[in-house]
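Colleague: Could you take me on a close look at the place where the two chains meet, and then follow what you find into the rest of the model? I would enjoy one connected account.

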Amino acid sequence: MTAAEPIRLLLFLVGVATFVGLNAAYLVWVERKGAGRFQRRAGPTEVGYAGLLQPIADAGKLMSKQLIVPPGADRVLFRLAPIMMMPPAIMAFALLPFSESLVGIDMNVGLIALFAFSSFNVIAVMLAGWSSRNKYGIISAARVVSQNVAYEIPMMLVIITVLMVSGTLSLTAIVDGQSGAFWNWNLFALASNPLMPVTFIIFFICMLSETNRAPFDMAEAESELVAGAYTEYAGMGFGVFFMAEYANIVIGCALAVVLFLGGWHSPVGVFPGVFWFLVKLYFMVFLVIWVRWTFPRTQFYGLLNLSWKILIPISIFTLLLSAVMIKLV
Amino acid sequence: MNPFPASEYLIPLVFLLFAGATIGGALIAVFTKWIIRSVCGLAMASVGLAGMFYFLHSPFLAMIQILIYIGAVCITIVFAIMLAEPDEPQDGYGQHSVPWNLGAGIVAAAVFWGIARLGVTGDWPTPAVRVSDGGVEMIGVALLTKQSLALEIVALILLVSILGALAVARKGRHIE
């Protein structure tokens with residue numbers, strides 16, 4: 001390692017922190033605008049042109065609010081939960097290959113590292129729900145665990161399928177294996193697995209569930225549980241959870257782009273670069289928002305049945321199918 | 001190629017950080033009265049251990065440590081607690097008589113002394129070169145060749161435990 005390495009890492013960290021903050025702020029704006037459009041209304045319009053300064057006003061409001069720890073709550077864990085939520089999300093960003101050279105740490109086990117960091121997410125939400133000593137919080141904590149345990153399994157099976165096709169755990173190498181035009185992407189790797197698009201759909205559903213997005217937002221089902229695990233959080237305590245939620249959405253979408261959509265490679269084979277990564281990333285984010293405002297929330301039993309009775313058998317089948325295809329071809 | 005600046009201070013600092021997290025987490029897990037904080041202590045100790053593995057050039061092991069211990073073990077424990085445990089620790093819970101505490105202390109000290117002595121004075125072989133890069137390929141090859149018996153046994157245990165869980169769950173449904 002040279003002396004330039006710490007400077008590069010520091011700059012990357014500053015960049016990631018800025019990216020996460022801006023993303024969280026402006027994805028909320030996009031979400032509200034999108035929700036407005038899907039429901040035939042305008043969304044935020046008042047603060048700034050087309051409501052563009054609304055996130056800054058929201059941030060100011062959240063930061064100026066008092067942080068309240070409810071009496072009877074477990075004070076230490078109540079404060080610890082938002083702190084446990086944010087750093088793993090930021091650390092995960094350091095692993096994402098935005099382009100060939102724009103990557104914080106190119107680990108040879110990058111994919112596993114990404115899942116390791118995202119496993120903090122569940123325990124943080126669960127601690128938040130449990131420690132606030134609130135019935136909605138505890139119901140939400142129980143839900144988030146059973147939901148995440150159920151959806152981790154098809155997610156991992158899908159990941160193993162993709163791994164067998166690409167043959168590496170390094171995110172950069174996975175993207176490199178999909179160079180060229182769009183028919184080289186893993187999404188269309190039909191030679192090694194004819195059901196690859198199905199695999200992608202399973203991945204997308206699991207990603208929605210892991211990031212607690214509607215129609216699977218059982219953890220903060222606002223019409224049933226007020227705000228679930230976040231009910232008792234005021235001010236920036238809630239703000240951190242909100243930021244981490246959007247950071248996790250971006251990570252999930254980036255993972256979809258890396259695993260299935262060819263990362264920084266262009267769909268027509270010319271001008272690869274970070275531009276294409278961001279275009280694909282925000283297309284996926286738009287899909288997530290679109291799904292949220294189009295589908296109603298599922299029932300909890302429906303959610304678990306979907307995972308255990310439909311997604312897991314299909315993903316095991318695709319895994320076996322790709323094993324057979326790779327062996328034969 | 002000039003070395004990483006201040007590495008002679010950074011390396012012990014990082015080591016101390018991870019060691020502190022491991023030991024501190026373990027102490028929290030043992031001494032706290034709230035069982036959910038014990039789980040948090042366990043999680044902290046796991047993070048410390050994972051950091052130690054990373055420090056020893058085994059990123060794969062480090063990440064698996066986090067994935068399994070925080071993503072699976074801790075979450076399963078907390079799930080069980082939430083289904084079963086009353087909220088408040090009762091009075092007198094976890095308090096034992098003096099001879100009991102003394103005996104436990106002596107056993108713990110003896111085990112600690114034994115392991116520490118073994119670690120410090122033991123005749124550990126030092127490999128001249130790094131055996132492998134701790135990567136996935138080496139682990140995969142080892143699991144399917146030299147360690148295949150262990151792999152099979154683990155698979156068998158998992159199968160038996162799944163079957164056992166199924167049997168218990170099925171029996172439970174018919175109890176009125």
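Modeller: Happy to, and please keep in mind that this is a predicted model. Let's start at the contact itself, to which chain A contributes 30 residues and chain B 27 residues. Together the two chains bury about 2,600 Å² between them, and 80% of that area sits on carbon and sulfur atoms. On chain A, the elements that give two or more residues to the side touching chain B are helix H1 (4–38), helix H3 (75–93), helix H4 (110–131) and helix H5 (135–166). H4(A) is the one that gives the most to that side, with twelve residues. Sorted by class, the side of chain A that touches chain B holds 23 nonpolar, four polar and three charged residues.

What about polar links across the boundary? Between chain A and chain B there are zero residue pairs in polar contact, counting pairs with both residues at pLDDT 80 or more. The search for salt bridges across this interface also ends at zero.

Over all chains, the whole structure has two salt bridges. One of them joins Arg292(A) to Glu31(A), with 3.7 Å between the closest N and O atoms. This pair links distant parts of the chain, since Arg292(A) belongs to helix H10 (residues 274–294) of chain A and Glu31(A) to helix H1 of chain A, 261 residues apart. Glu31(A) counts as buried because its relative accessibility is 4%, where the cut-off is under 20%.

Another salt bridge is formed by the side chains of Asp58(A) and Arg32(A), at 3.2 Å from N to O. Here too distant parts of the chain are linked: Asp58(A) is in helix H2 (residues 54–64) of chain A, Arg32(A) is in helix H1 of chain A, and 26 residues separate them. Asp58(A) has a relative accessible area of 21%, so it is partly exposed. Arg32(A) is likewise partly exposed, at 34% relative accessibility.

H4(A), which we met at the interface, comes up again in the nonpolar interior. The largest nonpolar core has 115 residues, and those with the most contacts inside it are Phe93(A), Leu111(A), Phe203(A), Leu259(A), Phe260(A) and Met284(A). H4(A) gives the most to this core, with 16 residues. To see one of these core residues close up, take Phe260(A): leaving out residues up to four places away in sequence, its partners include Val158(A), Val162(A), Trp185(A), Leu187(A), Met196(A), Phe200(A) and Phe203(A). Gln178(A), Asn186(A) and Thr199(A) are also among the residues that Phe260(A) touches.

Further along chain A, Thr211(A) lies in the loop between helix H7 (196–210) and helix H8 (222–225). Thr211(A) has 9% relative accessibility and therefore counts as buried. Its side chain reaches the backbone oxygen of Met207(A) at 2.8 Å, while the backbone oxygen of Leu208(A) is 3.3 Å from a polar atom of the Thr211(A) side chain. Apart from neighbours within four places in sequence, Thr211(A) is in contact with Glu245(A), Asn248(A) and Ile249(A).

Let me finish on chain B, where Gly164(B) sits in helix H6 (residues 148–173). With a relative accessible area of 29%, Gly164(B) is partly exposed. Gly164(B) and Trp124(B) are 40 residues apart in sequence, and their C-alpha atoms are 41 Å apart in space.

Note on methods. Residues are numbered from 1 along each chain as its sequence is written. Chains are lettered from A and ligands numbered from 1 in the order in which they are written. This is a predicted model: local features need pLDDT of at least 70, side-chain atom pairs count only at pLDDT 80 or more; totals for chains, interfaces and linings use all residues. Side-chain values use heavy atoms; hydrogens and water are left out. Contact means heavy atoms within 4.5 Å. Buried area is the accessible area (1.4 Å probe) that two parts lose on being put together, summed over both. A salt bridge is a side-chain nitrogen of Lys or Arg within 4 Å of a carboxyl oxygen of Asp or Glu. A polar contact is a pair of N or O atoms within 3.5 Å; within protein, one must be able to donate a hydrogen and the other to accept it, and residues adjacent in sequence count only if both atoms are side-chain atoms. Helices (H or I, at least four residues) and strands (E, at least two) are DSSP runs, numbered from the N terminus. Ala, Val, Leu, Ile, Met, Phe, Trp, Tyr, Cys and Pro count as nonpolar, Asp, Glu, Lys and Arg as charged, and the others, Gly among them, as polar. Buried means under 20% relative accessible area, exposed over 50%, partly exposed in between (1.4 Å probe, protein chains only). A nonpolar core is a set of buried Ala, Val, Leu, Ile, Met, Phe, Trp, Tyr and Cys residues joined through side-chain atoms within 4.5 Å.
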